[in-house]
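Please find below a short note on the structure, set out as numbered points. The remarks go from the overall fold to one helix and its surroundings.

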Amino acid sequence: MNPTTLKLEIAGAAAALIVEEGLEYGPAKHRAVKQMGLPARTELPGNDEVEDAVHDYIAIFCADSQPGELRALRELALTWMQRMAAFRPYLGGAVWHGTATRLSDIYIQLFCDDSKSAEIALIDHQVDYEPRTVTGFTGDKVEALSLSSFCPGLNEPVGVHLLVYDHDDLRGALRPDGKGRKPRGDLAEVQKLLMSPTESSS
């Protein structure tokens with residue numbers, strides 16, 4: 001099998017794990033390689049290739065259920081963006097790009113003048129959260145405030161992750177991705193998505 005075909009096979013296997021088990025892209029690619037019995041050092045597909053495979057998988061296997069699940073997650077994301085509106089929230093990840101299912105978490109980036117202000121806001125509202133350190137879109141470590149929030153549309157709790165960036169990071173956050181799309185959307189853009197019949201991000 002040539003390398004291009006093999007990467008597409010890995011992307012397809014990873015897509016199934018992302019949709020069916022809620023794995024993130026990186027772990028899904030590595031598990032797919034292991035499941036396929038390939039060497040650990042096998043060249044992996046890029047995230048764009050995996051995302052295309054996720055779209056294909058959803059279209060074939062989840063066309064009936066996924067749009068409703070995506071809408072429920074976007075509605076919950078909007079609720080949290082409204083709660084955290086003072087911190088310039090932007091929605092990213094699968095919920096923004098339209099590939100999310102009920103197993104997906106919600107990722108909201110906050111751009112704060114004071115990195116501790118978002119955390120203080122959660123404490124003031126008596127929200128239980130867990131602070132973690134993750135790698136942000138800049139490649140640097142950023143603080144993530146992770147919490148569980150009940151999603152009425154799914155009738156179950158969903159993971160919500162508030163990633164705290166400096167306000168100066170906002171300019172770089174809006175550069176188009178490899179497909180020429182907006183990598184994240186603000187409150188008004190998420191509201192617009194929810195009013196759109198197709199509900200796919202630009």
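1. Helices and strands are here DSSP runs, numbered from the N terminus, with at least four residues for a helix and at least two for a strand. On that basis the order of elements along the sequence is α-α-α-α-β-α-β-α-β-β-β-α-β-α, which comprises 8 helices and 6 strands. The model is a predicted one.

2. The overall dimensions are consistent with a globule. For 202 residues, a compact globule would have a radius of gyration near 17 Å, and the protein agrees, with 17 Å. The C-alpha trace spans about 55 × 35 × 30 Å along its principal axes.

3. As to burial and surface, 44% of the 202 residues count as buried. The protein exposes about 10700 Å², of which carbon and sulfur atoms supply 51%. Among contacts with a separation of 6 or more, 61% come from residues 24 or more positions apart.

4. Helix α1 covers residues 3-21, and its length is as expected: at 1.5 Å a residue, its 19 residues should span 27 Å, and the end C-alpha atoms lie 26 Å apart, which agrees.

5. Both ends of α1 merit a remark. At the N-terminal end, Asn-2 acts as a cap, with a side-chain oxygen 3.0 Å from the backbone nitrogen of Thr-4. Just after the helix, Gly-22 adopts a positive phi of about 75°.

6. Which elements do the buried residues of α1 pack against? These residues, including Leu-6, Ile-10, Ala-14 and Leu-17, pack against α2 (25-35) and α3 (47-61). Lys-7 is also buried.

Terms used:
Residues are numbered from 1 along each chain as its sequence is written. This is a predicted model: local features need pLDDT of at least 70, side-chain atom pairs count only at pLDDT 80 or more; totals for chains, interfaces and linings use all residues. Side-chain values use heavy atoms; hydrogens and water are left out. The expected span of a helix is 1.5 Å times one less than its number of residues. Buried means under 20% relative accessible area, exposed over 50%, partly exposed in between (1.4 Å probe, protein chains only). Contact means heavy atoms within 4.5 Å. A polar contact is a pair of N or O atoms within 3.5 Å; within protein, one must be able to donate a hydrogen and the other to accept it, and residues adjacent in sequence count only if both atoms are side-chain atoms. The radius of gyration is taken over C-alpha atoms; the globule rule is 2.2 Å times the number of residues to the power 0.38. Accessible areas come from the Shrake-Rupley method with a 1.4 Å probe; for residues, only the protein chains shown count as cover.
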